[in-house]
Amino acid sequence: MNLHPETRLAHGGSGGPDAATGAVTPPVHVSTTFARDAEGALHGDPLYARVGNPTRGRFERALADLEAGAGEHDLACAAFASGMAAVNAIFQSLERGAHVVLADDVYYNTRVLLAEVFERWGLTFSEADLTDPAALRAALRPETRLVWAETPSNPLLKITDLRAAADAAHEAGALLVVDATWTTPLVQRPLTLGADAVVHSATKYLGGHSDLLGGAVVAPGESTLFGRVRRVQQTAGAVLGARDAHLALRGMRTLAVRLRTQQQNAARLADFLAGHAAVKQVHFPGLDGHPGHAVAREQMNGFGAMLSFEVSGGAERANAVAGGCEVFVRATSLGGTESLIEHRAPVEPPSSATPPGLLRLSAGLEHPDDLVADLEQALDG
Ligand SMILES: Cc1ncc(COP(=O)(O)O)c(C=O)c1O
């Protein structure tokens with residue numbers, strides 16, 4: 001049967017009960033090595049846990065199936081020890097001398113990784129506003145091999161038209177890779193919109209409980225890019241551990257219901273903030289006035305559960321508002337059951353363009369009235 005993603009997720013991925021025991025919740029395979037029989041044959045695929053582990057494999061299949069939806073069934077997934085290890089594997093798959101066009105508003109560590117690690121190894125990169133197709137085309141060079149997008153972007157929630165970006169990248173002989181951490185495949189599936197690979201930090205919504213680090217790359221299994229990513233995974237070895245893979249799979253069982261409530265809460269918070277006198281600007285693609293609203297409506301299923309806003313009074317006021325919250329936890333990261341607030345500029349490098357008065361919110365699962373009341377008292381205090 002062609003099952004909906006929610007159904008597959010509720011059953012812990014597509015594998016069904018454990019084949020060996022019938023366990024409905026599959027075991028966590030902690031063994032690092034796998035025995036051979038007298039003839040030297042292995043029992044199944046796994047040889048050694050860096051190369052392959054059944055629990056990690058189950059997570060990889062579940063995420064690849066989720067990205068595929070009802071289409072793209074040749075997708076494969078490689079799971080890593082963190083989101084950044086997955087990002088790293090993509091860049092390590094490029095040739096020396098390759099040029100990367102990076103969206104000008106992305107998770108700042110992606111920029112740091114390129115600038116501080118990969119430039120020394122012969123990659124170059126430049127930044128472009130991917131919300132403007134002309135700016136993207138102007139940034140493409142003969143040696144461009146990769147365009148890196150994040151939509152909605154971090155932390156300004158800029159929206160990139162993925163079909164247009166994929167067309168522009170492909171015409172220039174480059175690949176489009178999308179960091180899809182903020183949306184998960186339930187909200188947006190870039191591979192169906194022309195992207196060549198997606199990257200996830202499983203630390204966020206997929207795990208969903210702020211208790212694991214993980215990452216993944218999903219791409220067509222036969223692609224050169226995926227083959228290289230798999231090689232980086234298995235040889236360099238920054239793999240997702242079995243216990244974290246199990247936690248991620250457990251989190252994914254409730255992903256659909258969590259995201260539904262989190263998206264509703266985010267929309268409610270955006271409406272409240274948009275009407276508050278102390279708020280200069282709200283960045284949330286679900287608002288009619290957001291410049292990317294129409295594209296987001298077209299390519300997303302909902303508008304995500306992240307938003308940011310700028311307060312009048314700059315850094316000092318933003319710091320006071322974050323400090324005044326009692327329900328929102330003042331912490332970095334996103335995607336957990338608890339709502340988080342973060343004064344973003346101080347955690348990013350000084351070169352970052354993030355406005356000093358910007359606060360980023362990750363909407364959790366609390367009652368929306370409590371969240372609104374908390375922001376209200378913090379803004380009015
Ligand atoms: C959009 C995005 N991509 C990647 C990462 C990195 O993920 P990890 O912390 O799992 O390495 C983050 C972390 O905040 C993120 O927000």
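Helices and strands here are DSSP runs, numbered from the N terminus, and with that in mind I would like to start with one loop, the one between β4 and α6, where leucine 157 has its place. Please remember throughout that this is a predicted model.

Leucine 157 is a residue other than glycine with a positive phi, near 55 degrees. The loop between β4 and α6 also holds proline 152, and the peptide bond that leads to proline 152 from threonine 151 is cis, with omega near 0 degrees. Proline 155 lies in that loop between β4 and α6 as well, and asparagine 154 is joined to proline 155 by a cis peptide bond whose omega is about 10 degrees. As background, most peptide bonds are trans, and most residues other than glycine have a negative phi.

Asparagine 154 brings us to the ligand, since an N or O atom in the side chain of asparagine 154 is 3.5 Å from an oxygen atom of the ligand. Two further side chains belong in this picture: serine 201 has a polar side-chain atom 2.8 Å from an oxygen atom of the ligand, and for threonine 203 the distance between a side-chain N or O atom and a ligand oxygen is 2.6 Å. How much of the ligand does the protein bury? Taken alone the ligand exposes 390 Å², and of that the protein buries 92%.

As for the surroundings, 15 residues surround the ligand, and the closest are Gly83, Met84, Asp179, Ser201 and Thr203. By character, the shell around the ligand divides into five nonpolar, seven polar and three charged residues. The space that the ligand takes is the second largest pocket.

Let me turn, finally, to the aromatic side chains, where the structure holds four aromatic pairs. In one of them, phenylalanine 91 and tryptophan 148, the ring centres are 5.1 Å apart and the planes meet at 40 degrees, so the pair is tilted, given that planes under 30 degrees apart count as stacked and those over 60 as edge-to-face. Because phenylalanine 91 lies in helix α3, residues 83-92, while tryptophan 148 lies in strand β4, residues 144-149, this pair ties together parts that are 57 residues apart in sequence.

Key: Residues numbered from 1 in each chain as written. Predicted model: local features only at pLDDT ≥ 70, side-chain atom pairs only at ≥ 80, totals over all residues. Heavy atoms only, no water. Near = heavy atom within 4 Å. Polar contact = N/O pair within 3.5 Å; in protein donor to acceptor, adjacent residues only side chain to side chain. Areas by Shrake-Rupley, 256 points an atom, 1.4 Å probe, with all protein chains shown as cover. 1 Å grid on protein atoms, 1.4 Å probe; cavity = no way out; pocket = protein on both sides within 12 Å on 5 of 7 lines; lining within 4 Å. Sits in = over half its atoms within 2 Å of the grid points. Nonpolar A, V, L, I, M, F, W, Y, C, P; charged D, E, K, R; others polar. Phe/Tyr/Trp six-rings, centres within 6.5 Å; stacked < 30°, edge-to-face > 60°. Helix = DSSP H or I, 4+ residues; strand = E, 2+ residues; numbered from the N terminus.
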